[in-house]
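Thanks for making time this morning. I would like to walk you through one protein chain, beginning with its surface and then moving inward.

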Amino acid sequence: TSATTQETIHNAVPPQITADNTVTPEPSAQIRIVTVFLAIWILGMMMLTVRYAYKHYQFRKYAKRFAKPCDKETYTIALDAASDMEIKNLKVITLPGIATPMMTGFRYPTIILPESTYGVAEMRLIIRHELTHFKRFDLVSKSLCLICRIVHWFNPFMKIITSHIDLVCELACDEAVILGENLDNRKLYCQSILSTVMAQSKTKSALQPVIASDFGNSKHDL
């Protein structure tokens, strides 16, 4: 038993150079395979992180150059909605080249609107949609989903899971917005979503923040 235990301990010790400059046997093939897979996993995470960081940088650079403040009427509607939902320091801008309203910002929300023309009732519903995302910390959920995608980049099911989480957030937000609205406003809200999806299908631009809430879902989800 003693001899077997000593042999087991000896095999578990990593290779070292002894006093007479002789080298113990190389690591087992199993350890080398684990090391290779670990290196591939870390490399994949780094590449995906760089990709998302560059995409975020591109959008910020574009927005800094072409964004402009919204009109006074839209800003008044946004402030009224934010006041009702107890949200402070709201910023609203318009940005050419995008097809859907969206929102960014974890602490202070920034609503980004396309250059489309919306009616007063429609704009109120759209802004409430984006502020509901902020109030429910949906951007935090999206951030956690993004981290999971980076860490588990090799798992094909992770994209399906995180996409489903995004869809559930959108549907829950839609339900909260139309709750208590009359039939005409509900119809108007649905028409706004359909118009946004149609505009997205015609827009070839890939401008999109890495972490943001959108207005509307994909054609498949609808």
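The protein chain exposes about 14,900 Å², of which 62% is supplied by carbon and sulfur atoms, with accessible areas taken from the Shrake-Rupley method with a 1.4 Å probe and, for residues, only the protein chains shown counting as cover. This is a predicted model, in which local features need pLDDT of at least 70 and side-chain atom pairs count only at pLDDT 80 or more, while totals for chains, interfaces and linings use all residues. Residues are numbered from 1 along each chain as its sequence is written, and side-chain values use heavy atoms, leaving out hydrogens and water.

Of the 222 residues in the protein chain, 33% are buried, meaning under 20% relative accessible area, with a 1.4 Å probe and protein chains only. The chain has seven helices and five strands, which are DSSP runs (H or I, at least four residues, for helices; E, at least two, for strands) numbered from the N terminus.

Now to the interior, where the largest nonpolar core has 26 residues; such a core is a set of buried Ala, Val, Leu, Ile, Met, Phe, Trp, Tyr and Cys residues joined through side-chain atoms within 4.5 Å. Among the elements giving it two or more residues are strand S4 (110-113) and helix H6 (156-178), while H4 gives the largest share, six residues.

Ile111 is among the residues with the most contacts inside this core, and, leaving aside residues up to four places away in sequence, Ile111 touches Leu90, Val92 and Ile127, among others, where contact means heavy atoms within 4.5 Å.

Methods
Buried means under 20% relative accessible area, exposed over 50%, partly exposed in between (1.4 Å probe, protein chains only).
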